Amino acid sequence: MARTSTPWRLLPARELGCGSAATCWRRLNEWAKAGVFEQLHLDILDQLGAQGRLDWSRVSVDSASVRAKQGGTMLAQIRSIAAS
């Protein structure tokens with residue numbers, strides 16, 4: 001629901017055992033604030049890593065997923081791409 005922008009009112013809340021769409025939203029919001037999803041993601045990665053099921057050849061890291069604290073360190077000179 002959060003990723004697809006589907007209206008919460010279309011959620012089959014009763015069938016999911018939530019009672020109402022508002023209750024589902026409230027629970028999701030509480031779990032997000034408590035860090036449940038981040039911890040779940042790390043736990044899944046740990047389990048896959050222990051099983052040797054992570055394919056590190058397809059990993060991509062950028063500033064949207066990993067923060068460079070205090071600008072990080074510059075390991076190489078960055079070449080200008082501006083017109084000379």
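Student: What percentage of the 84 residues in the chain do buried residues make up?

Tutor: Good place to start! Keep in mind that this is a predicted model. A residue counts as buried when its relative accessible area is under 20%. Of the 84 residues in the chain, the buried share is 7%.

Student: How many helices and strands does the secondary structure of the chain come to?

Tutor: Let's walk along the chain together. From the N terminus on, the elements read α-α-α. The count is therefore 3 helices and 0 strands.

Student: Is cysteine 24 buried or exposed?

Tutor: First, let's place cysteine 24: helix α2 holds this residue. Its contacts, leaving out residues up to four places away in sequence, are Trp8, Leu11, Ala13 and Cys18. The relative accessible area of cysteine 24 is 8%, and the cut-off for buried is under 20%. So cysteine 24 is buried.

Student: And arginine 14, is that residue buried or exposed?

Tutor: Arginine 14 sits in helix α1, which covers residues 13-16. Its relative accessibility is 69%, and exposed means over 50%. So arginine 14 is exposed.

Student: How far apart in space are arginine 14 and cysteine 24, C-alpha to C-alpha?

Tutor: You have now met both of these residues: arginine 14 belongs to helix α1, and cysteine 24 to helix α2. In sequence they are 10 residues apart. In space, going from C-alpha to C-alpha, the distance is 9.9 Å.

Student: At what angle do helix α2 and helix α3 pack?

Tutor: Helix α2 spans residues 21-33 and helix α3 spans residues 36-50. On the α2 side, Leu28, Trp31 and Ala32 make the contact, and they meet Val36, Phe37 and Glu38 of α3. The residues of this contact divide into 5 nonpolar, no polar and 1 charged. The axes of the two helices are 5 Å apart, and the angle is about 65 degrees.

Student: Is valine 36 buried, partly exposed or exposed?

Tutor: Valine 36 is part of helix α3. Its relative accessible area is 36%, while buried needs under 20% and exposed needs over 50%. That value falls in between, so valine 36 is partly exposed.

Student: Which element gives the largest share of the nonpolar patch?

Tutor: Nice follow-up, as Val36 appears here again! Together with Trp31, Phe37, Leu40 and Ile44, Val36 makes a nonpolar surface patch of about 440 Å². The largest share is 4 residues, and these come from α3.

Key: Residues numbered from 1 in each chain as written. Predicted model: local features only at pLDDT ≥ 70, side-chain atom pairs only at ≥ 80, totals over all residues. Heavy atoms only, no water. Axes fitted to C-alpha atoms, helices over the stretch in contact; angles between N-to-C directions. Contact = heavy atoms within 4.5 Å. Nonpolar A, V, L, I, M, F, W, Y, C, P; charged D, E, K, R; others polar. Patch = residues over 30% accessible without salt bridge, like charges linked within 9 Å, V, L, I, M, F, W, Y side chains within 5 Å. Areas by Shrake-Rupley, 256 points an atom, 1.4 Å probe, with all protein chains shown as cover. Salt bridge = Lys/Arg side-chain N within 4 Å of Asp/Glu carboxyl O. Buried < 20%, exposed > 50% of the residue type's maximum accessible area, 1.4 Å probe, protein only.
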